[in-house]
Amino acid sequence: MSLISEIRWGRVGTAVCVAAMGLAAAMTGTAQAAVPGQAAPHHPAASHKIVMHQRGAHASPRTPLSDLAWGGGPVEHNTKVYLVFWGSQWKSDANGVQSYLTNFFAGLGNGSERWSNVMDQYTDSSGNASSGSPVLGGTWVDSASAAPSSASAAQISAEANRGASHFGVSGVNADVFVVSPSGTSPDNFPNAGFCAWHDWNGTVAYTNMPYVLDAGSGCGANSVQNSLDGFSIVGGHEYAEAETDPQAGNGWLDSSGEENGDLCAWQGLTALSTSAGRFAVQPTWSNAVGGCATSA
């Protein structure tokens, strides 16, 4: 079973470009089963990555093999996103990415928007998934040294743990976003064909969040409002999947192993109004309506 969820180049509806298919086949062969409470093995599997969008293509609804079903693992009952802006490179932020991502997550879960409520229908043995109020738990610029130019998956996991230690958090409700600066290639972004992925390392749920603007429209730039659209589309995708499948493989998935964000990637993009502004988002899968939804 896959250990992570990503957004990869090539899938539009049910179509996947040949290069991405070859990459996924090669990487899926290295996948190992996740063991709750233990660090996930690396290199991460590819089958849940959110693919980069094909330029000029129009996304069509995917047909899931089934509605999402519970795999026995936890959901997040009080989701808190912690943004770690990795590296001294973030001392300069000409495009305003820190502010954009901070405001996006600050505007979620506070009652003024219904997009994040779609996830509330999914449960585990102790209750329903639920976002925090607000979702944003904190931000930190880890500027002690430069982020690696080509961080490995293991280095990204280690940075997530540094962030967790900085904030004093652990467990499935803590979702640490490791946001890399422009010009870096965390886990071979963008050449590996993904925009972001999430995983579980035994301490926290975490997301590898590259500087998606470097991939342009392939990761959502100017899809809805402006050049920063991809940060909220991709970031929202991973947040939604972490809330319903924080251990990346034993939460809510369809029978092919796809998560709620995967089934609706790059279709129905819209601007979500929150108390902190308007941000581009995608819908997520809702068992309640049997399709993709942007509100509940």
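Helices (H or I, at least four residues) and strands (E, at least two) are DSSP runs, numbered from the N terminus. Residues are numbered from 1 along each chain as its sequence is written. This is a predicted model, in which local features need pLDDT of at least 70 and side-chain atom pairs count only at pLDDT 80 or more, while totals for chains, interfaces and linings use all residues; side-chain values use heavy atoms, with hydrogens and water left out.

**Exercise 1. Get to know the chain.**
Find how many helices and strands the protein chain has, and what share of its residues is buried.

*Solution.*
- Step 1: Count the elements, and you reach 4 helices and 15 strands.
- Step 2: Apply the cut-offs for burial: buried is under 20% relative accessible area, exposed is over 50%, and partly exposed is in between (1.4 Å probe, protein chains only). By this rule, 56% of the 296 residues are buried.
- Step 3: Turn to contacts, meaning heavy atoms within 4.5 Å. Among those with a separation of 6 or more, 78% are between residues 24 or more positions apart.

**Exercise 2. Explore the cores.**
Identify the residues with the most contacts inside the largest nonpolar core, then look for a second core.

*Solution.*
- Step 1: Recall what a nonpolar core is: a set of buried Ala, Val, Leu, Ile, Met, Phe, Trp, Tyr and Cys residues joined through side-chain atoms within 4.5 Å.
- Step 2: The largest such core holds 58 residues, and F105, V176, F231 and Y239 have the most contacts inside it. Strand β4 (residues 79–86) gives the largest share of this core, 6 residues.
- Step 3: A separate, second core has 8 residues, including L68, V75, A129 and W285.
- Step 4: Zoom in on Y239. Leaving aside neighbours within four places in sequence, its contacts include T79, V81, F105, W115 and F177.

**Exercise 3. Spot the unusual backbone.**
Locate two cis peptide bonds and the loop residue A248, and decide whether A248 is buried or exposed.

*Solution.*
- Step 1: The bond from S133 to P134 is cis, with omega near -5 degrees. P134 sits in strand β7 (residues 131–142).
- Step 2: The bond from F189 to P190 is also cis, with omega near -10 degrees. P190 belongs to the loop between β8 (171–179) and β9 (194–200).
- Step 3: A248 lies in the loop between α4 (229–244) and β11 (252–253). Although A248 is not a glycine, its phi is positive, about 55 degrees. A248 counts as buried because its relative accessibility is 0%.
- Step 4: W266 is another non-glycine with a positive phi, about 65 degrees. W266 is found in the loop between β11 and β12 (270–274), and is buried because its relative accessible area is 4%.

**Exercise 4. Trace the disulfides.**
Work out which cysteines are paired and which parts of the chain they link.

*Solution.*
- Step 1: With a disulfide taken as a pair of cysteine sulfur atoms within 2.5 Å, the structure holds 2.
- Step 2: C195 and C219 form one of them, with sulfur atoms 2.0 Å apart. This pair links strand β9 to the loop between β10 (204–209) and α4, 24 residues apart. The S-S torsion is about -100 degrees, so this disulfide is left-handed.
- Step 3: C264 is joined to C292, S to S 2.1 Å. C264 is in the loop between β11 and β12 and C292 is in strand β15 (residues 291–293), so the pair ties together parts 28 residues apart in sequence.
- Step 4: Compare the burial of these two cysteines: C264 is buried because its relative accessible area is 0%, whereas C292, at 30%, counts as partly exposed.
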